[in-house]
Amino acid sequence: MSEGERRPTARESAAVAGRAVIPVVLSGFGRVGRAYADRLAQASREGSGLRLAAVRTGSGEWLAPSGTDAPPPSPPFTGPPAGLAATLALTGAAVLVQALPSTPRARATATAEAVTALRSGVHVVTAAKAHLLSGWRELEEAAREGGALIRLSAATGAALPAGDLARSGVRGLGCRSVRACPNGTSTFVLDVMARGGTLAEALAEARRLGIAEGDPSADLSGRDAATKVVLLAALLWGWDAAAVRWRTEPIEESTAVAARAAAGRGRRLRAVASAAAGVPHEVRVRLEETPAGDPMHALAGPEKAVVYGCPEAGDITVSGGRSSPLGAALALFKDTLEVAERRRYGFG
């Protein structure tokens, strides 16, 4: 490129490559949302055709200037935001990405957004869990009405592709059970406690490394692990996530004794979530001593693992995918690529 020559925008690059521009609306601009916006901007510069058209928060909205690939400024944005339907129509959005927290407070917003988008034929990619648990069938029906897709990799294991396997990767293989350590914070905390640390020390280190949330109650109670396995089971066996019951065993200060005892026997204490096709609509999370050779035993720090028990095909295990805002953002980006691209032939 000669001096003074302008670099083409992603829109222009996509047009040259014969690819349509694909507008994306992002809801939520915390750590995960910002990391996602950065990754999307990189892909846009590389000519992917994806373009961040708008960012929405609870207090405002940013609309990308027409014909440019300007990054969103730091919040707060000017507000209040327009209704989502208006934003989707104005931007011509193909995908709504939800980088919202999985909290009861955000549940109503996440549900309303997703239903509006899906009924409009806009695909939804989400990292939030609360609205999936409470409104699984409602979202499914909205997607059917609008002919749109829902993807939730970031809600079932961040960068770990556990959701992809449950949805399509192990279909037809006769899988009858799911056994998982899908919460990296609990695994990290249990390992620190096994080495002699207290619960408070383990949490402080997890927060310092960006593994644990400010409020780790969902991790320590087993609620987060249960939620992820509920969603995996719903994808795998068609369960209604809202109808699933769960029982959990929490990690407490006294758990340190059990963690150290397990380590003394050459084992590792793990918070293991499980579900079985033969026991419909039930998930359990228990603290288990795992021996060497168990995929859960092999996890290091905040890594995660899921084992799909397939009696005829053989167990299928996926592991790794450390917990982090970047991991969740990459999962959102992966799902965005999947729903936005249209593959019609060959191996694509």
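Here's a quick briefing on a sheet, the helices around it and a few residues worth a look. Keep in mind that this is a predicted model. The centrepiece here is an open sheet of 6 strands with mixed pairing, and helix H11 lies across several strands, among them E7 and E9.

**The sheet**
- Reading across, the strand order is E8-E10-E9-E7-E11-E12.
- Strand E8 (245–248) and strand E12 (316–320) sit at the edges, each pairing on one side only.
- On average, neighbouring strands are turned by 15° against each other, ignoring direction.
- E11 (residues 304–309) and E12 run antiparallel, joined by 5 bridges.
- Along that pair, Ala305 stands opposite Ser319 in E12.

**Helix H11 over the strands**
- H11 spans residues 223–237 and lies across E7 (177–181), E8, E9 (268–276), E10 (279–290) and E11.
- Relative to E9, H11 runs at about 35°.

**Helix H8 and its ends**
- H8 (residues 184–194) is mostly covered, with 10 of its 11 residues buried.
- The buried residues include Phe188, Val189 and Leu190, plus the polar Thr185 and Ser186.
- Asn183 caps the N-terminal end of H8, placing a side-chain oxygen 3.4 Å from the backbone nitrogen of Thr185.
- After H8 comes Gly196, which has a positive phi near 110°.

**Val257 in helix H12**
- Val257 belongs to H12 (residues 255–264).
- Is Val257 buried or exposed? Val257 counts as exposed because its relative accessibility is 56%, and the cut-off for exposed is over 50%.
- Thr198 is 59 residues from Val257 in sequence, yet their C-alpha atoms are 9.9 Å apart in space.

How values were computed: Residues numbered from 1 in each chain as written. Predicted model: local features only at pLDDT ≥ 70, side-chain atom pairs only at ≥ 80, totals over all residues. Heavy atoms only, no water. Pairing = 2+ DSSP bridges. Helix = DSSP H or I, 4+ residues; strand = E, 2+ residues; numbered from the N terminus. Axes fitted to C-alpha atoms, helices over the stretch in contact; angles between N-to-C directions. Contact = heavy atoms within 4.5 Å. Buried < 20%, exposed > 50% of the residue type's maximum accessible area, 1.4 Å probe, protein only. Polar contact = N/O pair within 3.5 Å; in protein donor to acceptor, adjacent residues only side chain to side chain.
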